[in-house]
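Please work through the exercises below with the sequence and the 3D view open side by side, and try each task before reading its solution.

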Amino acid sequence: MASVSLRCIPDNPYAIIGVTNNKRARFEIETKPNEDNAQSKKRNPLNLVLVLDRSGSMASSNKLTFAKQAVISVLNALNDDDIVHLVAYDTTVRNVFENASAVSRQNLYSIVEGITTGGETFLSGGMDMGASLLEKYPHPGFSKRMFVLSDGLANVGLRSKEEIVKVVGKYNEKGIIVDSFGVGEDFDAEIMKGIATAGRGQFFFLESAEVIVDLMNKALQNVFDVCGSQAQLIIRGRNNAIVTKIWGHENIAVGANLGDIHFDNLRVILCDFIISGNGPEGAEVHALDFQLKYNLPENIEGEPVTIAGQLSVIFVNDESLIRDIDPKVRMVHATQVAGEMDDRIVELMKSHRRDDAIALLTEQIDLLRQVEHLDDDKGMIAMLIRMAENLQKRLKDRTISEKAAAHKCGHHGHMKKYHDTKYTKHYEED
């Protein structure tokens, strides 16, 4: 078991009487191993299905070769008692192998290497087959995971992001966690990120052969380090307070769907809310209720663990009291704004406006530098600045295509909005 703590840090503890106050709060989910328990990081065995795109579009730029290397990297990293299945799809779907023990990996390498590209892209069919294998072979006590490796260019079966995300959400309701891996420079980023979000998993960008082994090992290490699954942070306003935004999450009523939480990690969520200053000076008013819910990996379908808390504000007349913003709130707000800048940079690159994208990257770097001295999140801001500077340099030198730059910047935005220390550190050498 891990020690999981939930903290809420307001921008400041005050609200001005007689006006509507725009407020922010930073939520921190921190996990640490329980030092008293020697088995604290012993993981459940995996029941893992790999869903591999072998469509014709995967022939370009050696994408299928990259994806097969990723599959082999997974086989090498699994424990001998893990169970693995492989589904490959193009216009049709086939089981390459099923219910194989990872100890038999030596017999599986040549089977993986023999996969070749085919026709069109039946992405939804491949995922359906993968989900059916996890139902066919339930393996009680095993964690059910699906890895989807694809360029996401679906043209058979379900094609839109909305349709695909909906069906992935249904897999997740059955306890299947879905991670997605965008392969190459021209994958459909919205579909691949949508799969991970709906599957409450993580999204990874397999840009080139050089990153495959390291990134797949890190992706699996994240699976091995899970101390909670199906995590959800629900935030509700009280006493005339209304939640107006949870940064990086679209459905305020549902809250923040966080997927897995990991050992020895810090996850941060930013929330905006408003509160009417209706009360006497000095009154302490209950403004927010919040709950973190998650399932233990060994009891994924059981009753969730719940950690609850409240946030109060104090009504004052002195407006100078609200000018000082908590440095941790300033820092995460700058990170989230920078993530939204990344979305705009993606659109600029798609419109062939490279110089405008470079200028906006300069603004982003300046914004992050303003809060770098406030960062105590294990060098998160410094890391993001290095990534932005590296991308800007490549854009100026024209050593990166506009398509590749758009994908890389889109992934940077995803990392900033996700604000997970361990996940972002996977890309420290970006």
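The exercises that follow concern a predicted model, and each task is followed by a solution in steps.

**Exercise 1. Find the domains of the chain, and describe how domain 1 and domain 2 meet.**

Solution. Begin with the domain assignment, which gives domain 1 as 4-32 + 226-316, domain 2 as 45-222 and domain 3 as 327-407. Next, take the C-alpha centres of domain 1 and domain 2, which lie 34 Å apart. Then turn to the contacts themselves, where eleven residues of domain 1 touch ten residues of domain 2. Finally, consider the area buried between domain 1 and domain 2, which is about 850 Å², with carbon and sulfur atoms giving 37% of it. On the side of domain 1, Gln230, Asp260 and His262 supply 48% of the area that this domain buries against domain 2, more than any other three residues.

**Exercise 2. Which polar and charged links join domain 1 to domain 2, and which strands supply residues to the side of domain 1 that touches domain 2?**

Solution. Start with the salt bridges, of which there is one between domain 1 and domain 2. Asp260 forms a salt bridge with Arg145, and their closest N and O atoms are 2.7 Å apart. Now add the polar contacts between domain 1 and domain 2, which come to six residue pairs. Strands β10 (226-237) and β12 (256-262) each supply at least two residues of the side of domain 1 that touches domain 2. As a last step, sort the residues of that side by type, which yields four nonpolar, five polar and two charged.

**Exercise 3. Follow Arg145 to Asp179, and explain what their salt bridge ties together.**

Solution. First place the pair within the whole model, for which the count comes to 23 salt bridges. Arg145 forms a salt bridge with Asp179, the closest N and O atoms being 2.8 Å apart. Because Arg145 lies in strand β7 (residues 143-150) and Asp179 in strand β8 (residues 177-183), this salt bridge ties together parts that are 34 residues apart in sequence.

**Exercise 4. In which sense, parallel or antiparallel, does strand β15 pair with β2, and in which with β14?**

Solution. Take strand β2 (residues 14-16) to begin with, which pairs with strand β15 (residues 305-316) in the parallel sense over three bridges. Within this pairing, Tyr14 stands opposite Ile314 in β15. Then move to strand β14 (residues 284-295), which runs antiparallel to β15 and is joined to it by ten bridges. Here Glu284 stands opposite Ile314, so that Ile314 can serve as a landmark for finding both pairings.

Methods: Residues are numbered from 1 along each chain as its sequence is written. This is a predicted model: local features need pLDDT of at least 70, side-chain atom pairs count only at pLDDT 80 or more; totals for chains, interfaces and linings use all residues. Side-chain values use heavy atoms; hydrogens and water are left out. Domain bounds come from an automatic or database domain assignment. Contact means heavy atoms within 4.5 Å. Buried area is the accessible area (1.4 Å probe) that two parts lose on being put together, summed over both. A salt bridge is a side-chain nitrogen of Lys or Arg within 4 Å of a carboxyl oxygen of Asp or Glu. A polar contact is a pair of N or O atoms within 3.5 Å; within protein, one must be able to donate a hydrogen and the other to accept it, and residues adjacent in sequence count only if both atoms are side-chain atoms. Helices (H or I, at least four residues) and strands (E, at least two) are DSSP runs, numbered from the N terminus. Ala, Val, Leu, Ile, Met, Phe, Trp, Tyr, Cys and Pro count as nonpolar, Asp, Glu, Lys and Arg as charged, and the others, Gly among them, as polar. Two strands pair if DSSP finds at least two bridges between them.
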